[in-house]
Every structure is written in C-alpha cells, then in structure tokens.
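Here is a short report for a reader meeting this structure for the first time. Take a look at the sequence and the model before reading on.

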Amino acid sequence: MKTSLFATLATFALAMPALAQDAAGDPAKGEAEFKKCKACHMIQAPDGTDIVKGGKTGPNLYGVVGRPYAAEEGYKYGEGLIELAEKNPDQVWDTAHLVEYITDPTAYVKEHTGDTAAKSKMTFKLAKNQADVVAFLAQHSPDAGAAAGGDAAAPAAPAAGGDAAAAAPAATN
Ligand code: HEC
C-alpha cells in the first residue's frame, strides 16, 4: 500500500513543475499580448489609476482573476455571461477558465451554461499565449492568489485566509 501511495505522490511531484509552468504563463509576454485586448478592455484600478488604457466595449479587467463571472459593476454584460453567472454562482475566473474563455468565448459560454444557444458578446479569440495574458491579468488582480495558484499572484497569498480586502492594505506601506 505504502509503495503505491508513494508512487502516486512521486508521479505528482514529477508532473507538478511542468504543470505549474504551463499554468503560470509569463506576465511580461502577456503584457505585450494584451495589446490585442485593449481595443476593448482597460485595466483600471479602483482608485482610477490606468494600468492599461483601453476601450469600453468590454468590462474593465482589473481584478478579473479571482472575480466571479460578469461581476464588473456598471458594465452591461450580454445574456450569455449573465446566464453563466447565474448557473455557476460559486465559480470565479481562475487561470484555467480564463485560458479556455479567451480561446473561444462563445464555445466557453455554451459549454459552461449547457445552453447551445448561449453566446458571448466577445467576438475576439486568442489562439496562442493565453496563459501569458492571464499571468499578466493576475498581476493586477488582488484576489488572484487563491484562484491562479501561480507565482504571479504571490503577493495576494494571504487572501486564502478569507478577508482579501483587509489583507491587501496591510501588505502596502
Ligand atoms: C472586440 C472587442 C474585444 C476584444 C479584442 C477582447 N474582448 Fe474580452 N470582452 C469583450 C466583451 C464585449 C465582453 C463582454 C462579454 C459578454 O457580456 O458576453 C468581454 C468579456 C471578457 C471577459 C469576461 C469578464 C467578466 O467580467 O466576466 C474576459 C475575462 C475578457 N473579455 C478577456 C479578454 C482578453 C484577455 C482579451 C485579449 C486576449 C480580450 N478579452 C479581447 C470584448 C473584447
């Protein structure tokens, strides 16, 4: 028994670094790649600081990693994303879900609502470097720690304790 448990753990140990690398992406490359997104999306902090100036066709992506679906206040989401949020109230945008969404937003919405007529208002598809873009978004997402699981989100790690809002100001000086 012990041997098989050990073997299982060893397999995980070998697999993890490769997985972590894939999932984490490269935020510097992602920043360059984000040029494709900014026609429609800005990244603006709650205090009004522009991290990336961008369009308003899509929601502000500040804090999107770790945020529930369709949760940017004041943005008018399409029916597909609203249905997605209603059917998955406990799901937040984590790395895997974001990579899948930006690869093909409408396919993602169909898959995760179970509604073949559902679609996303986002018509853009990113065919490569998705994980890099998500790593870049995670750098500007205070709640990313729990969701992304990557190094990019390390400063937000205390959020796992629950009170992200309280933890964030304490970390600055
Ligand atoms: C042509 C405009 C356009 C481009 C380019 C675009 N998006 Fe979007 N995006 C949208 C729209 C519109 C929505 C809202 C979707 C809806 O309501 O169905 C959206 C929604 C999203 C959401 C969901 C956010 C939430 O609050 O639930 C994410 C994440 C996202 N986009 C990421 C990206 C990323 C990353 C890129 C670049 C790789 C990108 N988008 C490029 C228009 C765009």
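In which loop does Thr-116 lie? The loop is the one between α5 (105-113) and α6 (130-139). Bear in mind that this is a predicted model.

Is Thr-116 buried or exposed? Thr-116 counts 8 other C-beta atoms within 10 Å. A residue is exposed if that count is 12 or fewer, so Thr-116 is exposed. Thr-106 offers a reference point. Along the sequence, Thr-116 and Thr-106 are 10 residues apart. In space, their C-alpha atoms are 9.6 Å apart.

**The overall fold**

Now for the whole protein chain. Its secondary structure amounts to eight helices and two strands. Starting at the N terminus, the order is α-α-β-β-α-α-α-α-α-α. The protein chain has 173 residues, and 35% of them count as buried. Consider contacts between residues at least 6 apart in sequence: 53% of these join residues at least 24 apart.

**Helix α4 and the core**

Helix α4 spans residues 95-103. Its buried residues include Thr-95, Leu-98, Val-99, Tyr-101 and Ile-102. Why are these on the same side of α4? They cover an arc of only 165 degrees around the axis, which puts them there.

In soluble globular proteins, nonpolar side chains tend to be buried together. In this model, the largest nonpolar core holds 27 residues. Those that touch the most other members are Val-65, Leu-98, Val-133, Val-134, Ala-135, Leu-137 and Ala-138. Four helices, α3, α4, α5 and α6, each give two or more residues to this core. The largest share, seven residues, comes from α6. Leu-98 links two parts of this account: it is a buried residue of α4, and it is among the core members with the most partners.

**Around the ligand**

How many residues surround the ligand? There are 29, and the closest are Cys-37, Cys-40, Gly-58, Gly-78 and Met-122. The shell divides by residue type as follows.

| Type of shell residue | Number |
|---|---|
| Nonpolar | 19 residues |
| Polar | seven residues |
| Charged | three residues |

Which helix gives the most to this shell? It is α4, with three residues. Both α3 (79-87) and α4 supply at least two residues of the shell. These two helices also appear in the list of elements that give two or more residues to the largest nonpolar core.

Terms used
Residues numbered from 1 in each chain as written. Predicted model: local features only at pLDDT ≥ 70, side-chain atom pairs only at ≥ 80, totals over all residues. Buried ≥ 20, exposed ≤ 12 C-beta atoms within 10 Å, placed from the backbone. Arc of directions from axis to C-beta. Near = placed C-beta within 6 Å. Nonpolar A, V, L, I, M, F, W, Y, C, P; charged D, E, K, R; others polar. Core = buried A, V, L, I, M, F, W, Y, C linked by C-beta atoms within 7 Å. Contact = placed C-beta atoms within 7 Å.
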